[in-house]
Each structure stands twice: as C-alpha cells, then as structure tokens.
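Notebook open, model loaded. I'll jot down what I look up as I go.

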Amino acid sequence: MKLLFLGFAVTLSLASSGVLAQTQMIPFVHEKISVLPSGKRVAVSFRERPCKSGECREADAGVWGMDGGIPRFVTEVFLVSIDGSEFIIPRKFYQDLTNAYQLNIFEQNARVIIELKGGEAAGAYTARFKLGGMCGFEREVCGEVCKEIWERTAWYNSFAYEADPRCESGIQ
C-alpha cells in the first residue's frame, strides 16, 4: 500500500509540474528561411517580448489575441526578406497582433502568404499577410478557422512604384 501511495504521489507531482510548465507562457519566436515551391527564398524574423512594467494597458478592442485583459506579450520584430530583398511591413500592421503561437509561409496564386495564428478561445485569430511582389500587401484577420474575414487592410508601397514599373497597378 505504501509503495502504491508513493507511486501515486510521484505521478501527481510530475503531472502538476507539467501543468505548471504549460501555464508559464514564453514569447513566440520564429526565425526561419523557407524555400517555396516556386524557388523563392523567404526569410522571416518574428519575435514577441513580454510587456514591460506599465507598457501594456488593458485591451478591450484594437488588439488581436485578447478577449479583454492585459496582453502578456507584444510583437517586437516582424522582418521579411524575399530572395534577399527586404519586404517592408510597417509596424502599425503587426503591433496589434499579440500572443502568437504559429507562423506559416506558403504561396497562393504566385503570392507569398505569411499566416500568423495567435490568441486562444474567444481571442483566437489568424492574420494573413498576402505579399504582392515588392509593391505592397493585404492583411486579413479572421478567427482561428477562417470562415469570415473580420478585417481587411491593403497597403501599397508608393516608394516601390518609382523603382518597379510593374507596381503601377498596385498589388500584383
């Protein structure tokens, strides 16, 4: 009986330490180079960091990945490079994405898609950045399972228009 109780106590101790480890969240980091089927090399550096004391305020709206409360993490870095050329995504298009847990890169209709998933339960989201050449991008935000788009934003890089005549018509 004593041996059985000791085995149960050790099992319970290991189980509760596993639960504790799962509840202690760490900031999401994705630093990888992917080669897509078209041969494009896409390097993505995405890093979150913990909120500094007093930096993050309670979020009721305007922050993805939260359903009220104070975000645990903020996005610090989101850098994208396609075939060695930096693709600029302004900070205002990613600073509202919090508590990320997954980043995928794929192609769709010859466009590079960066898909970020974050949040949990009612605060879960999927943000898709549809990169169009070096001319601009579209950002779509939807729920964890994208059946309905909650937000759609298009950004055109006017500086690229001068450098690349194919940018005249906007996102390619």
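Which residue in β2 is the bridge partner of His30? I looked it up, and the partner is Phe46.

**Ground rules**

I'm working on a predicted model, where local features need pLDDT of at least 70, side-chain atom pairs count only at pLDDT 80 or more, and totals for chains, interfaces and linings use all residues. Residues are numbered from 1 along each chain as its sequence is written, and side-chain values use heavy atoms, with hydrogens and water left out.

**Entry: the sheet with β1**

I traced an open sheet of 4 strands in the order β1-β2-β3-β4, with antiparallel pairing. For the record, strands are DSSP runs of E, at least two residues, numbered from the N terminus, and two strands pair if DSSP finds at least two bridges between them. β1 (29–35) and β4 (85–87) are the edges; each has a single partner strand, so one side of each lacks a neighbour in the sheet. From one strand to the next, the twist averages 20° (axes are lines fitted to C-alpha atoms, and angles run from 0 to 180 degrees between N-to-C directions).

I then checked β1 against β2 (residues 41–50): they pair in the antiparallel sense over 7 bridges.

**Entry: His30 and Val29**

His30 lies in strand β1. Its relative accessibility is 8%, so I noted His30 as buried; buried is under 20% relative accessible area, exposed is over 50%, and partly exposed is in between, with a 1.4 Å probe and protein chains only. I listed the contacts of His30, leaving aside neighbours within four places in sequence: Val44, Ser45, Phe46, Leu103 and Ile105. Contact here means heavy atoms within 4.5 Å.

Val29 is also found in strand β1. I have Val29 down as partly exposed, with a relative accessible area of 48%. With neighbours within four places in sequence left aside, Val29 is in contact with Phe46 and Arg47. The C-alpha atoms of Val29 and Phe46 are separated by 5.7 Å, though the two are 17 residues apart along the chain.

**Entry: aromatics**

How many aromatic pairs does a search of the whole structure find? I got 9. The rule: rings of Phe, Tyr and Trp (its six-membered ring) pair if their centres lie within 6.5 Å; planes under 30 degrees apart count as stacked, over 60 as edge-to-face and the rest as tilted.

I pulled up Phe46 and Phe78, an edge-to-face pair at 5.3 Å centre to centre with 75° between the planes. This pair links distant parts of the chain, since Phe46 sits in strand β2 and Phe78 in strand β3 (residues 73–82), 32 residues apart. Both Phe46 and Phe78 are buried.

Phe137 and Trp155 came next: a tilted pair, 5.4 Å centre to centre, 40° between the planes. Phe137 lies in strand β8 (residues 136–142) and Trp155 in strand β9 (residues 149–156), so the pair ties together parts 18 residues apart in sequence. Phe137 counts as buried, at 0% relative accessibility.

I also noted one aromatic cluster, with Phe28, Phe46, Phe78, Phe137 and Trp155 among its members.

**Entry: the sheet with β5**

I found 5 strands in an open sheet, order β5-β6-β7-β8-β9, with antiparallel pairing. β5 and β9 are the edge strands, each pairing on one side only. Neighbouring strands of this sheet are turned by 15° against each other on average, direction ignored. I looked closer at β7 (residues 125–132) and β8: they run antiparallel and 7 bridges join them. One detail for the margin: the bridge partner of Lys130 in β8 is Glu138.

**Entry: the core**

Which residues of the largest nonpolar core touch the most other members? Of its 26 residues, I wrote down Val44, Phe78, Val80, Ile89, Ile114, Phe129 and Leu131. Such a core is a set of buried Ala, Val, Leu, Ile, Met, Phe, Trp, Tyr and Cys residues joined through side-chain atoms within 4.5 Å. β2, β3, β5, β6, β7 and β8 each supply at least two residues of this core, and β7 gives the most, with 4 residues. For Ile89, leaving aside neighbours within four places in sequence, I listed contacts with Phe78, Val80, Tyr94, Phe129, Leu131 and Phe137.

**Entry: positive phi**

Asp83 has a phi near 50°, a positive value in a residue other than glycine. Asp83 is in the loop between β3 and β4. Asn109 also has a positive phi, about 50°, although it is not a glycine. I placed Asn109 in the loop between β5 (100–108) and β6 (111–118), and at 72% relative accessibility it counts as exposed.
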